Amino acid sequence: MKAAGRLDSSRKAPLRVLLLGCGNVGRGLVRVLTVERDRYPGLEGLDIQIVGITTGTRGAVARESGVDLVRALSELEGGGRFSKQNPDRVELTSLEAVQELDYDALVELTPLSIANRGEPAISHIRSALERSRHVVTANKGPFAYVYRDLMNLADSRGVRLLHESTVMDGAPVLNLARHTLKGCRIQALEGILNSTTNYVLSRMEEGLSMQEAVELAQLQGYAEADPTLDLEGWDATVKICVLANAFMGADLDPSKVDRQGIEKVTAEDLREVGARGDRLKLICRAWRHEGQVSAKVAVETVPAGHPLWAVSGTGAALRITTDLMAPIVVVQDNPGVKDTVYGVVGDLITVAERKFETENDGRLK
Ligand code: HSE
């Protein structure tokens with residue numbers, strides 16, 4: 001019998017994965033699959049073979065029988081790029097790898113792009129789905145800009161398109177709504193969804209300047225490659241669009257959402273609000289009104305006693321209001337990069353389970 005919480009390792013070939021992007025999250029994923037593997041007994045039956053890694057500026061590696069991950073990791077963490085001596089090194093762009101290599105699942109971890117409205121990640125994902133490959137991604141852009149197109153394409157090809165870590169990292173908000181709120185209609189969402197700004201506001205309350213707090217967030221790896229995407233509220237806006245598109249049937253365009261960032265918040269503002277026992281937070285909202293779904297991101301005063309008041313540091317939280325239940329609040333207590341890595345690993349397990357189920361009954365692959 002399968003042990004509770006374990007994957008069944010008795011029945012399979014490895015899940016062959018192509019990894020695009022190897023920044024903080026990609027390297028964290030490779031570490032969990034290799035040098036840190038023994039720390040996580042729950043992953044015992046997860047058999048993943050990475051057949052290619054492409055990056056924007058660090059080169060690419062590929063090997064049909066699986067790249068040497070320990071070497072790849074040590075080169076990225078040492079010299080910052082794949083070495084010319086690495087026997088797995090190849091000249092391949094990310095899109096070429098998606099279109100040409102043989103793999104079961106694409107893991108898309110390239111950075112969020114607002115200027116290019118979710119590209120090139122959208123093209124990577126679309127090309128993999130068109131080849132009937134499963135896709136797991138932490139890149140939120142595609143789901144804010146073309147959610148329905150991509151989901152329809154995945155459905156039409158009978159493959160999974162999973163993105164749990166696009167919002168609140170590995171905390172199960174997408175899975176919660178998808179699998180456990182059956183029959184409920186989601187009426188409204190309210191949350192703190194950007195860790196960097198929440199961390200910056202918390203540190204400013206303690207006396208740091210905004211610049212000092214942003215530098216700390218960058219050092220710890222939460223901030224986007226371009227931290228203005230966090231500070232100006234773009235990351236938060238994209239996340240509330242992803243949730244509204246996924247949960248409320250919306251078709252929002254992030255550039256049309258009423259958006260405010262924290263750039264103008266001063267130490268004086270925080271002191272003034274704090275003196276009354278309240279806090280300033282960057283709050284994301286989505287709601288239904290007259291058949292339409294709207295969203296907004298703004299700095300709001302959160303009164304003491306409100307469930308979002310106590311969310312400090314890199315914490316995030318989402319309050320889900322439905323028609324059938326009292327509001328549910330999911331709180332994430334000071335997550336780090338490892339939480340995003342977990343979201344990807346959890347989705348890969350779902351893909352692996354699905355792949356082997358379908359292989360066993362001889363239908364989809
Ligand atoms: N920059 C993002 C944040 C990373 O601060 O929340 C996680 O999506």
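Buried area is the accessible area (1.4 Å probe) that two parts lose on being put together, summed over both. Keep that in mind for the first stop.

This is a predicted model, where local features need pLDDT of at least 70 and side-chain atom pairs count only at pLDDT 80 or more, while totals for chains, interfaces and linings use all residues. Residues are numbered from 1 along each chain as its sequence is written, and side-chain values use heavy atoms, with hydrogens and water left out.

**Stop 1: the two domains**

Color 15–170 plus 338–361 as domain 1, and 174–334 as domain 2; these bounds come from an automatic or database domain assignment. Their C-alpha centres sit 27 Å apart. Between them the domains bury about 2000 Å², with 59% of that on carbon and sulfur atoms. Show the residues in contact (heavy atoms within 4.5 Å): you should get 21 from domain 1 and 27 from domain 2.

Now look for polar contacts, meaning pairs of N or O atoms within 3.5 Å; within protein, one must be able to donate a hydrogen and the other to accept it, and residues adjacent in sequence count only if both atoms are side-chain atoms. Across this interface there are 10 residue pairs of that kind, both residues at pLDDT 80 or more. Helices H5 (141–145), H6 (147–157) and H13 (337–361) each supply at least two residues to domain 1's side. H5 gives the most, with four. Helices (H or I, at least four residues) and strands (E, at least two) are DSSP runs, numbered from the N terminus.

**Stop 2: lysine 140**

Which side chain does lysine 140 meet in a salt bridge at 2.5 Å, N to O? Select aspartate 235 and you have the partner. A salt bridge here is a side-chain nitrogen of Lys or Arg within 4 Å of a carboxyl oxygen of Asp or Glu. The two residues are 95 apart in the chain: aspartate 235 is in helix H11, and lysine 140 is in the loop between strand S6 (134–137) and H5. Both aspartate 235 and lysine 140 are buried, where buried means under 20% relative accessible area, exposed over 50%, and partly exposed in between (1.4 Å probe, protein chains only). Lysine 140 also meets glutamate 224 in a salt bridge, at 3.0 Å, N to O. Between the two domains the count is three salt bridges.

**Stop 3: helix H8**

Select 195–205. Nine of the 11 residues in H8 are buried, among them Tyr199, Val200 and Leu201. Turn on the surroundings, and the cover includes strand S8 (186–192), helix H9 (210–219) and strand S10 (279–289). At the N-terminal end, asparagine 194 acts as a cap, with a side-chain oxygen 3.3 Å from the backbone nitrogen of threonine 196. After the helix comes glycine 207, with a positive phi near 115°.

**Stop 4: aspartate 253**

Go to the loop between helix H11 (234–248) and strand S9 (258–259), where aspartate 253 is found. Is aspartate 253 buried or exposed? It counts as buried, because its relative accessibility is 18%. Leaving out residues up to four places away in sequence, aspartate 253 touches Arg117, Tyr145 and Cys241. Its side chain also meets that of lysine 256 in a salt bridge (3.8 Å, N to O), and lysine 256 counts as exposed at 70% relative accessibility.

**Last stop: isoleucine 48**

Isoleucine 48 lies in strand S2 (residues 48–54) and counts as buried, at 15% relative accessibility. Pick leucine 33 too: 15 residues away in sequence, its C-alpha is 7.9 Å from that of isoleucine 48.
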